[in-house]
Amino acid sequence: MDFFVFVSEQWILVSALMLIVYGYFWTEKLKSGQALSIHEVTRVINNDGAVILDIREAGDFKNGHLVGAINIPHNKVMERVAELEKSKDKTILLIDKVGQHSGPVGRLLKGKGFEVSRMQGGISEWQAQNLPLVK
């Protein structure tokens, strides 16, 4: 009950706090690369020639991945970023299992000067849409 009294009496402070929190999450989201829907991902792959970087573990990658994808597990990207240097002129499209690791990896790659996009929902969303994978 006291919480609601506080919020009603201090609505300006609460509103300012909410704006600051929203702004923080919005800027962090931008730092990790643009999130693309499944339809936007297929367009980028077909038109722009993006480099598909699958950051899942090797076993998951072997069970099914997008055509032409490169596999570098999310915990190895920092060590193996040199492998991507030749693709700096292209968009790096990050794909993970459900979207949990692509944000931090996107921030890392953007910090190294790469153009980065992330697939919303990861490979799980791709499979939910019955889109093809290669093994």
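Me: How far apart are the mean positions of the positive and negative charges of the chain?
Reply: In this predicted model, they sit 6 Å apart, taken over 16 positive and 15 negative charges.

Me: What makes D54 and R56 a salt bridge?
Reply: The cut-off is 4 Å between a side-chain nitrogen of Lys or Arg and a carboxyl oxygen of Asp or Glu. The closest N and O atoms of D54 and R56 are 2.8 Å apart, so the pair counts. Both residues are buried, too.

Me: Why is the pair K88 and E85 called a salt bridge?
Reply: Their N to O distance is 3.6 Å, and that is within 4 Å, so they make the list. R80 and E83 are another such pair, at 2.7 Å. The structure holds three salt bridges.

Me: Why is R80 called partly exposed?
Reply: Buried means under 20% relative accessible area and exposed means over 50%. R80 has 27%, so it lands in between. Its partner E83, at 37%, is partly exposed as well.

Me: And what makes K88 and E85 partly exposed?
Reply: K88 comes in at 33% and E85 at 39%. Both values lie between 20% and 50%, therefore both residues get that label.

Me: How do you know that the chain isn't a compact globule by the radius of gyration?
Reply: A compact globule of 135 residues would have a radius near 14 Å, but this chain has 19 Å. Its C-alpha atoms fill a box of roughly 60 × 35 × 30 Å along the principal axes. As for burial, 33% of the residues count as buried.

Definitions and conventions: Residues are numbered from 1 along each chain as its sequence is written. This is a predicted model: local features need pLDDT of at least 70, side-chain atom pairs count only at pLDDT 80 or more; totals for chains, interfaces and linings use all residues. Side-chain values use heavy atoms; hydrogens and water are left out. Buried means under 20% relative accessible area, exposed over 50%, partly exposed in between (1.4 Å probe, protein chains only). The radius of gyration is taken over C-alpha atoms; the globule rule is 2.2 Å times the number of residues to the power 0.38. Lys and Arg count as positive and Asp and Glu as negative; His and the chain ends are not counted. The place of a charge is taken as NZ of Lys, CZ of Arg, CG of Asp or CD of Glu.
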